[in-house]
Amino acid sequence: MNAKIDFSKISFLIVDGDKISAQVVYDTLAYLGASHIQRVKSPNNAFDVLRTEKIDIVICEWRLRGMDGLEFLDVMRNSTNSPNRFIPVIMLTAHSEMRYVTTARDLGITEFLAKPFNAKALYSRLVSVIARPRRFINTGTYFGPDRRRRQVQFDGPDRRSLDE
Amino acid sequence: MTHYDWGSGAIVKPEEPKKKKNVQIIPAQTDLKRKAVNFIKGFDINLSPEQLEELEQVVQRSSETFVRDIGKDLMECRKLVINALRDKPKRPEAITAANDLAYSVKALGGTFQYPLMTQIAKSMEIFVADRTTANEKQLLVIQLHIDSLYVILAGRVTGFGSTVEQATVAALTKLTERYAEPRE
């Protein structure tokens, strides 16, 4: 028997100033059965929602007016005023170059989805966030999901177990 | 402190202080998994090709909105660029509009089967990046990009087009390189 995801149990917040892009994500989530989907255009509005409602997953565009998606993520993960430091954040962006991906990763992004995207790519990020949650790492310089997704042989010092 | 143990006759070194971990590892939050993953209701974690096809059709529902809205944005941006050619103080506004338009088209073109638009918008985005204004030739380069995008949209040229379209993309990219400076 295959494992399933009941999207009606999950609440989503879409933070995107682009009407069409937000609509595509909204339609996809609605089709999957999500009934609690909020849409806002700016991070400030997003914080208002996050402080008053129970949101499980944030889907955020990088390029936003005022505070951008990266600053929003930084506040979510590192500020004492954060409504929820552990909330999964999927970053949608047309900035798909490697330097953008690594910057977002190092600020604690949960999943990164490069635009233009298709339904399959969006679905796989949702599955990853819901069905394969990652542990969080807290160091002096990083707070966010474990960036070591693959277990590979490494001969160097284990920085997670000992002081340098 | 190192000392001599009279009982065993050995020199005893003190235990080294235990090195403490400098990383806190917090177990994964499993609330979402617990409340949403099950074997009865919802969508399979691994969707079948048919289910994926249906989901893709949901995405494509917004295709007409994309064509209509981006078409309108292209026309408005073209007007701003033409006005800016005549009127220098209007150039920063035209550049901001071109930058926003380039990002939107780059982001969504490929989603709606217009990857050629994404290619051209990317060329335009690189060209307008970090600019606050532009000279006449640079504005003309932007206008050429906008016109090309409009032609593709109006002709509903999906996919990457033929060799003619690819030659156009290459020519636009060359133009952007040639007129990249000054960047102010």
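What radius of gyration does chain A have, with its 164 residues?

## Overall size

Chain A comes out at 16 Å, which agrees with the value near 15 Å for a compact globule of 164 residues. That radius is taken over C-alpha atoms, and the globule rule is 2.2 Å times the number of residues to the power 0.38. Put a box around the C-alpha atoms of chain A along the principal axes, and you get roughly 45 × 45 × 30 Å.

## About the model

This is a predicted model, where local features need pLDDT of at least 70, side-chain atom pairs count only at pLDDT 80 or more, and totals for chains, interfaces and linings use all residues. Residues are numbered from 1 along each chain as its sequence is written, chains are lettered from A and ligands numbered from 1 in the order in which they are written, and side-chain values use heavy atoms, with hydrogens and water left out.

## How chain A is built

Chain A has five helices and eight strands (DSSP runs numbered from the N terminus: H or I of at least four residues for helices, E of at least two for strands). Along the sequence they go β-β-α-β-α-β-α-β-α-β-α-β-β.

In chain A, 52% of the 164 residues are buried, meaning under 20% relative accessible area with a 1.4 Å probe, protein chains only.

## A look at S104(B)

Over in chain B, S104(B) sits in helix α4, residues 91-108. Is S104(B) buried or exposed? S104(B) is buried, because its relative accessible area is 17%.

Beyond its neighbours within four places in sequence, S104(B) is in contact (heavy atoms within 4.5 Å) with D18(A) and I70(B). The C-alpha atoms of S104(B) and S148(B) are 16 Å apart, with the two positions 44 residues apart along the chain.

Definitions and conventions
Buried means under 20% relative accessible area, exposed over 50%, partly exposed in between (1.4 Å probe, protein chains only).
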